[in-house]
Amino acid sequence: MKGEKGERRKQELLKIAYQMFIQKGYEETSVDEIIAEAHIAKGTYYYYFPSKEAMLEEVINMMIVDEVKRAREILSSSIPVPQKLVGVITSLRPEQDESNIADTLNQKENIIMHEKISRRIVDEAVPLLAEVVSEGISQGMFTCDHIEERVRMILIMSQHLFDNGNFGEGDIEVFIDMVEKTLGAQLGTLGFIRGLIN
């Protein structure tokens with residue numbers, strides 16, 4: 001089962017689990033249902049995944065790979081730098097129909113996996129955002145040094161502020177102000193974010 005064929009089978013199982021987690025939710029989907037849908041033996045499942053949690057982690061990794069791909073497409077587009085910056089950040093979030101999976105991560109019993117995934121997203125995003133900020137600097141839009149450290153702070157702030165949906169108008173205003181100051185942007189450069197969030 002090793003090799004290319006084995007990897008294909010594993011990816012097929014992940015896609016089946018991904019669809020079932022979206023449709024039914026992670027908690028409501030049993031390993032037996034995944035096995036039945038995939039038409040495989042239980043031993044085959046456990047050959048690839050030691051537990052359902054391990055499968056969830058791999059499904060989320062698959063989602064992150066897709067998110068990074070979307071972010072790279074935005075990065076290589078010709079849209080203005082401020083929109084590109086926000087586009088890259090928002091592309092590194094789960095799609096609307098993936099909310100069941102994202103909600104599972106926010107449950108307290110999954111806090112360790114949530115932290116691990118959050119760190120991975122930040123690690124993937126920092127070089128992409130640093131590239132956008134460098135483009136903004138070359139266009140005279142931003143004036144800052146320590147680019148990677150600055151975009152890391154912005155990402156961490158945006159994750160903690162917007163991921164749980166518990167924020168108000170004042171939070172949005174302060175976030176925009178802090179990002180503009182962090183990047184050395186002119187006042188109002190990122191004001192369009194208000195409309196996106198609302």
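Leaving aside its neighbours within four places in sequence, which residues is Phe162 in contact with? The answer is reached most easily after a look at the whole chain, and it should be read with the caution that this is a predicted model.

The chain has ten helices and zero strands, so that, by the way these elements are assigned, its pattern read along the sequence is α-α-α-α-α-α-α-α-α-α. The C-alpha trace spans about 60 × 35 × 25 Å along its principal axes, and of the 198 residues in the chain, 42% are buried. When contacts with a separation of 6 or more are considered, 65% of them are between residues 24 or more positions apart.

One place to see such helices together is the pair formed by H8, which covers residues 147-162, and H9, which covers residues 169-183. Their axes are 10 Å apart and the helices pack at an angle of about 175 degrees; H8 and H9 are therefore roughly antiparallel to each other, because an angle over 145 degrees counts as such. On the side of H8, the contact is made by Arg150, Ile154, Met157, Ser158, Leu161 and Phe162, while H9 contributes Asp171, Ile172, Phe175, Met178, Val179, Thr182 and Leu183. Sorted by character, the residues of this contact divide into nine nonpolar, two polar and two charged.

Phe162, which has its place in helix H8, brings the opening question back. Apart from its neighbours within four places in sequence, Phe162 is in contact with Arg93, Phe167, Ile172, Phe175 and Ile197, and among these, Ile172 and Phe175 belong to the H9 side of the helix contact just described. With a relative accessible area of 16%, Phe162 is buried, because the limit for that word is under 20%. The C-alpha atom of Phe162 is separated by 22 Å from that of Ala185, a residue 23 positions away along the chain.

Gln159 also lies in helix H8, and with a relative accessible area of 12% this residue is buried. Once neighbours within four places in sequence are left aside, Gln159 is in contact with Arg93, Ser118, Ile121 and Val122. Arg93 thus appears in the contacts of Gln159 and in those of Phe162.

Just ahead of H8, the loop between helix H7 (111-138) and H8 holds His146. His146 has a positive phi of about 45 degrees although it is not a glycine, and its relative accessible area of 52% makes it exposed. Most residues other than glycine have a negative phi. A second case is His39, whose phi is near 55 degrees and is likewise positive in a residue other than glycine. His39 has its place in the loop between helix H2 (31-38) and helix H3 (42-48), and with a relative accessible area of 73% this residue is exposed.

From that loop the reader can move to the aromatic residues that follow. The structure holds five aromatic pairs. In one of them, the rings of Tyr45 and Tyr46 have centres 5.0 Å apart and planes at 85 degrees, so this pair is edge-to-face. Tyr45 and Phe49 form another aromatic pair, which is tilted, with 5.6 Å from centre to centre and 45 degrees between the planes. Tyr45, at 0% relative accessibility, counts as buried, and Phe49 is also buried, with a relative accessible area of 0%, whereas Tyr46 is partly exposed, with a relative accessible area of 40%. These residues belong to one aromatic cluster, formed by Tyr45, Tyr46, Tyr47, Tyr48 and Phe49. Another ring, that of Tyr26, has Lys52 lying over its face, at 4.3 Å from the ring centre.

Finally, Tyr48 of the cluster is also reached from helix H1 (residues 3-24), where Arg9 is found. Not counting residues up to four places away in sequence, Arg9 touches Ile40, Thr44 and Tyr48. Although Arg9 and Thr44 are 35 residues apart along the chain, their C-alpha atoms are separated by 9.7 Å. Arg9 itself is partly exposed, with a relative accessible area of 33%.

Methods
Residues numbered from 1 in each chain as written. Predicted model: local features only at pLDDT ≥ 70, side-chain atom pairs only at ≥ 80, totals over all residues. Heavy atoms only, no water. Axes fitted to C-alpha atoms, helices over the stretch in contact; angles between N-to-C directions. Helix = DSSP H or I, 4+ residues; strand = E, 2+ residues; numbered from the N terminus. Parallel < 35°, antiparallel > 145°, perpendicular 65-115°, else oblique. Contact = heavy atoms within 4.5 Å. Nonpolar A, V, L, I, M, F, W, Y, C, P; charged D, E, K, R; others polar. Phe/Tyr/Trp six-rings, centres within 6.5 Å; stacked < 30°, edge-to-face > 60°. Buried < 20%, exposed > 50% of the residue type's maximum accessible area, 1.4 Å probe, protein only. Lys NZ or Arg CZ within 6 Å of the ring centre and 35° of its normal.
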